[in-house]
Structures are given as structure tokens and as C-alpha cells.
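Visitor: I am new to this, and I would like to go slowly and hear the reason behind each word you use. Could we begin with the picture?

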Amino acid sequence: MSEHEQPTAWAISRALVRCAARQAPPGLAQRLEEEWLADLTARQSALGRLRFGLGCCWATRVIAREFGVAAAASAGSASGQQLLVSAGGYDFSRLSRRTVALIAILCLHAGIFYLYLNGFTPSRVVDRIDLIHGSVITRNRRLDQPRLLPVPTLAPINDSVPDRIPRLPAQPPAITVTHSPPSGKPLVQYPPPKPVNVIMGGPAAGFPNTEDYYPSAAQRLGESGSAAVRVCVDPNGRLTAAPTIVRSSGLARIDQGALRLATAGSGHYRPTMENGRPVSACYPFLIRFQLENQ
Amino acid sequence: MGKRGGEVRISLQTLRALEAFLENPSEELSGADVQKRSGLASGTLYPILLRLESAGWFVSRWEAIDPVSAGRPRRRFYRLTPSGLARASEIFASFGRGVLV
């Protein structure tokens, strides 16, 4: 492939070589440009020429790092040997590629560690954007004439504007419920109830003995127990209704004996006293059957 | 990095460039010739050539033509110096490859 077939690639390659050579140390730039242009003509393909030009750019970086800028003193020297011998006094770079890569890796790790400590929070990023924006405004401000910000005039707050959230009064209003009788008659005023002094009644003198009503079958079987009996007594101490068991003893014979005893005791009950006056009332009392030897 | 005392950092690419010259130690080669024999990229080859030349392993000269009349730039030819040849031979001998000097 000739130069005429690929004029663009040829021009680009030549431009790359020239640009790369001019970036070299001054003492080597002219030599490298002529040498690389001569070697470029040995390339047959356009792609090979482009690769050659790019490689020269990289070579310039390496050469510039190794041979520095002191080649200017030897610029124009006809002998390449003399040129490079003088280049022995160049300012060699103190950092190799390996050292630069190591420093870059350390900086990358430090950055990641810093982001990890700050939690990768986007809010911090927003804060920094605000700070940067503020610094730009400060730079443009004239420091000799400080500007005073105008005091804004605030309009009075209109309380009549309804809020979305209803305001509760400081003291809630009392709720008054008016009840009117359906017939229009005034309500009956009942006097307050007077305190009542009640003394519950119970078995009185002459009440039958418990042993007389202890069922004999229960005595033979050794049964004993207590049953609660409820009785209704009039002011004269007589029963007004049949007694009932309100708490069983768990033994039917004991419960039956308790009911017969309570019935037999009619007329011998002490009536219930309300404010010192006997009244008809019902009350419970406990009847207990127990063997003598227990 | 080349040094005037002749100490050169020998890398695999440097060995490949030297090997191109050791096929015929008295032959002069341009950068394009070395690149064809070694297969090195231009970004790697030319720093090696300059490094070895500054260390005294190579000498170089311009091609004896008139660029105007020839219609092309002059080529730069590199040739091993006797000291460079001896050092290169030692290095390759240490790898078990003998070189005829």
C-alpha cells in the first residue's frame, strides 16, 4: 500500500511522529524526528504506520523521563554518540513507573477508605456541591465594598387563613346536654337517699339444736360438712319462703339436714333491723354438722 | 536506564533487541530493521536503543545520503561496539547460549 493510496493515514502517522519527536528532550528532538520519519517509510501498511506513530508517542514519554531536558546543551551535535554521552548528565526522573503505579494504588485505596468512613451518603455530596457554589459567589464579590443584604419586610400573618390542620382551642367548650321530658312535665325531684343502718338477722334463742337434725345415716358413714342456707324472714322471725341451699357441702345428706334444720327454726329467727326497725329480709347463714370425735 | 559506566538494566525486551544484533555483530541496523527482527513495538524499541547507546554498547551514525536528492529522510544505523558485544555475549552465555565473536 503506497503513500498515495492512504494519504490520510500517512499524514496522521507523520503528524504523530513529528508531534512525538517535538515532545522529546531538545537535544534529541531533531534526531528522533528524522530517524523516526525514515523508519516510518519502511512501514508498508497504513495500520502499521499508525501503530508506529502511536509507539513513538509512548517512546517519547519514556525517553523524556529517562533523559530529561539537559539535552539542549548538546543540541545540534552531529554525532549521536556525543549527543548521548552528554545526555548522561541529564536530570533523570526519580520516580519509576512502578513507583508511580504504587502511589496511584495507594491513593485509590485511601479514597475508597475515605468514602467508606463517610458512609457513601449522597447528602454529603449535596453539601459539598453547596459549598462549592458558595465559594464561587464569594470570589466574585468585591471585598472593599461589603454588600448589605436588604432586610426583608415580612407581611403579618393572617390568622383568618384556614390552616390545613385545624387549631384546637386552649380550653375545649363544655358540652351541655338538654333533656326535655316528652310530655313537657317538669322532672320529678327525688330527695337524696338517707343512710340506712342495717343489721342482718340470724338464728335467735330457741333455735333448734344441730345434733337433733344431723342425719343418722351421715353419722354412721362419718360424713360431716357445712352448707350455706338462704332464708327469708319476716319481722316476727318466721320464714316467708322455703329455705334454699346457696352453697352445697358436697354431701346430699348434709345438705338435706341443713334444710330441715333451717325450716324447723321458723319463728326463732332474729329479723333484720333497718334503722332499729325489724323488716322482712332474706339472708344466708352457715349450718355445720360435725361428729364429736372429729 | 542507560548509564555512562555501561550498566544497563537488562529486560526481556533488551535481550530481544540485542539478539537482533548478535545474528551478525558487525552489521549496522536501523530501528526499522531491529523492529522487524525482534518484533518489538516502536514505543519499546527506541528507548532501548538510546539507552544502550548512552551506555556505550552501541554506536550510531546517519545514513550517508542527501535527503533532498533521495527524497526521503536519512536513516539512523546502530552497530554494536566491541565492549557492547562482549557484554552481550556474557549475558547470553549466562543464559546458556553461546555467541561467536
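Guide: A term to start with: helices (H or I, at least four residues) and strands (E, at least two) are DSSP runs, numbered from the N terminus, and two strands pair if DSSP finds at least two bridges between them. This is a predicted model, in which local features need pLDDT of at least 70 and side-chain atom pairs count only at pLDDT 80 or more, while totals for chains, interfaces and linings use all residues. Residues are numbered from 1 along each chain as its sequence is written, and chains are lettered from A and ligands numbered from 1 in the order in which they are written.

Visitor: How do you know that β3(A) pairs with β8(A)?

Guide: Strand β3 (residues 225-233) of chain A and strand β8 (residues 281-289) of chain A are joined by 9 bridges and run antiparallel; at least two bridges are required, so the two strands count as paired. One of the partnerships sets A:S226 against A:R288 in β8(A).

Visitor: What makes β4(A) a partner of β3(A)?

Guide: Here 3 bridges join β3(A) to strand β4 (residues 244-247) of chain A, again in antiparallel fashion, and the requirement of at least two is therefore met. In β4(A), A:T244 stands opposite A:R230, and A:R247 stands opposite A:A228.

Visitor: Which strands are called edge strands in this open sheet?

Guide: The sheet has 3 strands in the order β4-β3-β8 (chain A), with antiparallel pairing. β4 and β8 of chain A are its edge strands, as each pairs on one side only.

Visitor: Why is one side of β1 and of β2 in chain B left without a neighbour in the sheet?

Guide: Chain B has an open sheet of 3 strands, ordered β1-β3-β2 and paired antiparallel. Since β1 (29-30) and β2 (58-62) of chain B stand at the edges with a single partner strand each, one side of each has no neighbour in the sheet. For β1(B), 2 bridges lead to strand β3 (residues 76-80) of chain B, and B:S30 has B:F77 as its bridge partner there.

Visitor: What makes α2(A) mostly covered?

Guide: A residue is buried if 20 or more other C-beta atoms lie within 10 Å of its own, exposed if 12 or fewer, and partly exposed in between, with C-beta atoms placed from the backbone. In α2(A), 12 of the 15 residues are buried, so the helix is called mostly covered; among them are A:L28, A:W36 and A:L40.
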